[in-house]
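Open the model in your viewer and keep the sequence panel beside it. This tour goes one selection at a time.

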Amino acid sequence: MRTTSTSDLWWKSAVIYCLDVETFLDTDGDGIGDLNGLAERIDYLAQLGINCLWLMPFYPSPDRDDGYDIMDFYGVDERLGDHGQLVEVIRTAHDRGMRVIADLIINHTSDRHPWFRSARRSRNSRYRDFYVWRDTEPPDTSDQVVFPDREQSIWEHEERTDSWYLHHFYRHQPDLNVANPLVREEILRVIGFWLELGIDGFRVDAVPFFIKDAETLSEHATEPTVPDDPHRILRDIRAFLARRKGSAMMLGEVNVPREEQLDYFGGEDGDELTMMFDFIAMQALYLSLARGDATPLATALEERPTIHPTCQWANFLRNHDELTLDKLTVEERQEVFTAFGPEPQMQLYGRGLKRRLPPMLAGDPRRIRMAYSLMFSLPGTPTIYYGEEIGMGEDLAAEGRMAVRTPMQWSDGRSGGFSTASEGRLIQGLVGDGYSPRHVNVRDQRHDPDSLWTFMRELIAVRRACFELGWGALSVLRTDAPQVLAHRCDLEGSAVVAVHNVGPDPVTVDLPLAGVDEPDQIVDLLARDGISPARGRLELALDGYDFRWFRIGGEGLLGP
């Protein structure tokens, strides 16, 4: 496979870096990160090896839900900058070979959005059916709310029109009626606007909420507008992207059971979401880490449905939300809680953890590096959250999900190098204790050959050279050691084999390597010792939390 023939499917071999502009770098001293600060750090991201930048919401917002409550889908929050500065970020990123994707929130708006302010005032508003209303008092829906600590119902009473509006998230985020064709037209208009400004794709928020509810949302509208197929909304967006910008993609936040995942890719046609986060594999990975047994993760990988060749899985260890464990059983979830978040203040909603990875793994560098090696070696596209490259911790004193949304730690100086403002004026508090900027920061780690930052940069470089992991066919290699995950990705006569010991004890494994006749056909991609190859087999001694990557069966795409 020639890489030039696949450049239009760039997401298959991307390394995605997610950040929130307001917590990345402040250049004007007001305590809030800004677009100028991000532009200054594009070269930093390029040096790390990032080739896709995911921007969390930068739109005008009351900021009651960290920007996900949007007042204007076409605007830029004036605290962060303006359209010109955003375009400068995009241009600079493109100059460094980096794509830029933006959060697309089409499930709801802020209650301060002009559409909703009009809709709530009058039943005759032209925007009334942009939202979902009912005239009778709703039944108990406490079991359907997303944030059970803040909301008790998915319906909120509006006194001015004596009716109730739908909101699956917070009451200040009314759900859009995506069954209304006028709403769908507006969504496409928003997408087209940002594509014209240079955005390369979108991370689509809360996809199942507007897909699953499309058939029922309009039941309460003045004029029913039920689409014949709710998934048509995604197909329409994908087709629009293809017309306006053929290389644009959609990365969906879709946390559904395995049997439903293929539908969101568009089935055999692959004409809906381009990419999807694999929440099931992520949760299984944490269960494997908690048990020191790779079996749950191996099972989750083998149960992935076969997807269209243009589509892709997105792998991750952490993101901006809580570490959700909702697809595990109650007993399995408790195992993870016990291992990585035993204290109540570490848990959230009874289903997840408000923690970052290094504190969960007690700061053990062997385990931390093994976990990232494992995630980067999984078939699919790796996605990291800002600060993961230096091992940032969390602020458990912060409310809910904000625990992992603390300012980026650039140095051990004033306010962690994030801002010249005092710590009391920062948009979010800094992490304290052993994960404070004094102990964890970019400046120190960039010049330390043994740092996590250096390891992550090298890991990213290896991953970007392994097209097999983005394009190849997965097979799990069986061993006699349940603590070891050995998997292989084959692509056109070349393969990458990755072996990870998720347990603390040393172990020796004997791996079958079909297609390998001579030892010199095995290349150690991480340049480690301890290889004992033989004809068709590989005997490997692994320390506790050890890992290896190999290319086998020929010269590979880039040669040895």
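Which residues of helix 10 are buried? Select helix 10, residues 279-291, and look. Phe279, Ile280, Ala281, Met282, Gln283, Ala284, Leu285, Tyr286, Leu287, Ser288 and Leu289 are buried. That makes 11 of the 13 residues, so helix 10 is largely enclosed by the rest of the structure. Measure along the helix if you like: from first C-alpha to last it reaches 19 Å, close to the 18 Å expected at 1.5 Å a residue.

A word on confidence before moving on. This is a predicted model. The average pLDDT is 93, and 92% of the residues score at least 70. Color by pLDDT and go to residues 556-560, where the score stays under 50. For that stretch the model has 13 contacts beyond four places in sequence.

**Stop 1: the cores**

Stay with helix 10 and pick Tyr286. Show what surrounds its side chain and backbone. Leaving aside neighbours within four places in sequence, Tyr286 is in contact with Leu317, Arg318, Leu323, Val336, Phe340, Leu357 and Met360. Tyr286 also belongs to the largest nonpolar core, which has 145 residues. Add Tyr17, Leu19, Phe202 and Met408 to the selection: with Tyr286, they have the most contacts inside that core. Now select Val484, Val509, Phe550 and Ile552. They are among the 17 residues of a second, separate core.

**Stop 2: parallel strands**

Select strand 2, residues 52-55. Are its faces covered or open? Both are covered: Cys52 and Trp54 on one side, Leu53 and Leu55 on the other, all buried. Strand 1 pairs with strand 2 in the parallel sense over four bridges. Find Tyr17 in strand 1; opposite stands Leu53 in strand 2. Strand 2 also pairs with strand 3 (residues 99-104), again parallel and over four bridges. Here Cys52 stands opposite Arg99.

Next, select strand 14, residues 381-385. Five of its five residues are buried. Thr381, Thr383 and Tyr385 point one way, while Pro382 and Ile384 point the other. Which strands pair with it? Strand 1 (residues 16-19) runs parallel to strand 14, joined by three bridges. Ile16 has Thr383 as its bridge partner there. Strand 10 (residues 312-316) pairs with strand 14 too, in the parallel sense over three bridges. For Ala314, the partner in strand 14 is Thr381.

**Stop 3: a three-stranded sheet**

Select strands 11, 13 and 12. They form an open, antiparallel sheet in the order 11-13-12. Strand 11 (323-324) and strand 12 (347-348) are the edge strands, each pairing on one side only. Strand 12 meets strand 13 (residues 352-353) through two bridges, antiparallel. Look for Leu348 opposite Gly352.

**Stop 4: helix 16**

Select helix 16, residues 452-465. How far apart are its end C-alpha atoms? They are 20 Å apart, which agrees with the 20 Å that 14 residues should span at 1.5 Å a residue. Now show the buried residues: Leu452, Trp453, Thr454, Phe455, Met456, Leu459, Ile460, Val462 and Arg463. What covers them includes helix 2 (42-48), helix 14 (365-377), strand 14, helix 15 (442-446), helix 17 (467-471) and strand 22 (547-552). Strand 14 is the one from Stop 2, and strand 22 leads to the next selection.

**Stop 5: a five-stranded sheet**

Select strands 15, 16, 17, 22 and 19. In the order 15-16-17-22-19, they make an open sheet with antiparallel pairing. Strand 15 (473-477) and strand 19 (522-524) stand at the edges with a single partner strand each, so one side of each is left without a neighbour in the sheet. Neighbouring strands of this sheet are turned by 25° against each other on average, direction ignored. Zoom in on strand 17 (residues 494-501) and strand 22, which six bridges join. Ala495 has Ile552 as its bridge partner in strand 22.

**Last stop: Glu492**

Step to the loop between strand 16 (484-491) and strand 17, and pick Glu492. Is Glu492 buried or exposed? Its relative accessible area is 59%, and the cut-off for exposed is over 50%, so Glu492 is exposed. Finish with a distance: Glu492 and Ser436 are 56 residues apart in sequence and 47 Å apart in space, C-alpha to C-alpha.

Terms used
Residues numbered from 1 in each chain as written. Predicted model: local features only at pLDDT ≥ 70, side-chain atom pairs only at ≥ 80, totals over all residues. Heavy atoms only, no water. Buried < 20%, exposed > 50% of the residue type's maximum accessible area, 1.4 Å probe, protein only. Pairing = 2+ DSSP bridges. Core = buried A, V, L, I, M, F, W, Y, C linked by side-chain atoms within 4.5 Å. Contact = heavy atoms within 4.5 Å. Expected span 1.5 Å × (residues − 1). Axes fitted to C-alpha atoms, helices over the stretch in contact; angles between N-to-C directions. pLDDT = per-residue confidence, 0-100.
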